[in-house]
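The following exercises practise reading a protein structure from its elements to its core. Please study the sequence and the structure before attempting each task.

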Amino acid sequence: MTEIRDIEKKPLFENLDRCLHELSHMAIRLYWEQVGPRGLVYLLFCHHYGLRYSLPSGYLQMMLEQEKKERLDSNEELQQLAESLFADLQGGDELFQDKNAEPYIRFLKNYIYLSDKYYCEVINYIVNYIQVVDRFGWYGTTPDITELIATVAKSMQVKSVFDPCAGICNLACSPLMKDVRFYGQEVNYWTSNLARVRLLAHELNSTCVTENSCSRWPDDLNQFDALVSELPLGSYVPSEEAMRELGRPGRRMIDDIFMHRFLMSPIRKCVMLVPLSFCYRRENFDIRKDLVEKKNIQAIIALPAGAIRNIAIP
């Protein structure tokens, strides 16, 4: 059975990779963003769950309508997510017409069945591709660091975690976290939508919501055993927000705000990726002092320089 799966998957992912490269070049020509690969996520998502497509009339629409399974339009939440994915494409009508539609047509015409069969793996492949290739790519850690954070969290025997900077939910999708209830927030609308697609594909008991401010946390934090997050290193919060949180003017690093929030919260466990400067910055001395006095620090793990791609902060 394993050999049959490998025989099926090899041409599927070879052609998926070729399709993604074509779509990337097309996206650069159209909008200078990775809308092409994102468009493939939208099409595969709609087909997998039998949802309505928001496509202009044309061969691509006809082909997908013929392949579509029984419609599940009664699921309003899935349909709303599909519409949000389409809205994120910034000009989907142009994206799916004429020559722009050809890469989609070539791939889906031959591999729509296998893409549905190995849907979760295909979605993960596309997400990883977008992370690496997207020249305006969002912050993301390597799989090794994600697994390290998940391993530490798992060793703390947590059952539910809160991630205020969830990104595309790499932590939630880690095999080590499959039995942990995950609640994540993300400020970027497109990233949040893509995270929800991933969580559905993995069939996880997890949630990712879009929140306009990463420092606006749920009211009931008692429901979480731990705060677990890969913070976007080098990010600042506005001066007025820092003033509300810390009572001092001037913009502050996001890790200062979040660690202060953690100290003030009922959550007793935390695994957080922070820059090395957090350990010696003068402006966060009081936070570090409280952290040592009020919490039991079990470990500080120093990562080697260059461990996190696309960022020069140690």
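Two exercises with worked solutions follow.

This is a predicted model, in which local features need pLDDT of at least 70, side-chain atom pairs count only at pLDDT 80 or more, and totals for chains, interfaces and linings use all residues. Residues are numbered from 1 along each chain as its sequence is written, and side-chain values use heavy atoms, with hydrogens and water left out.

**Exercise 1.** Describe the largest nonpolar core and state which element gives the largest share of it.

*Solution.* Step 1: A nonpolar core is a set of buried Ala, Val, Leu, Ile, Met, Phe, Trp, Tyr and Cys residues joined through side-chain atoms within 4.5 Å. Buried means under 20% relative accessible area (1.4 Å probe, protein chains only).

Step 2: The largest such core holds 51 residues, and L40, Y42, L60 and L108 have the most contacts inside it; contact means heavy atoms within 4.5 Å.

Step 3: Elements giving two or more residues to this core include α2 (35-49), α3 (59-67) and α6 (102-117). Helices (H or I, at least four residues) and strands (E, at least two) are DSSP runs, numbered from the N terminus. The largest share, nine residues, comes from α2.

**Exercise 2.** Determine which strands pair with β1 and in which sense.

*Solution.* Step 1: Two strands pair if DSSP finds at least two bridges between them.

Step 2: β1 pairs with β2 (residues 181-186) in the parallel sense over four bridges; F162 stands opposite Y183 there.

Step 3: β1 also pairs with β4 (residues 226-230) in the parallel sense, over two bridges, and L227 is the bridge partner of F162 in β4.

Notes:
Buried means under 20% relative accessible area, exposed over 50%, partly exposed in between (1.4 Å probe, protein chains only).
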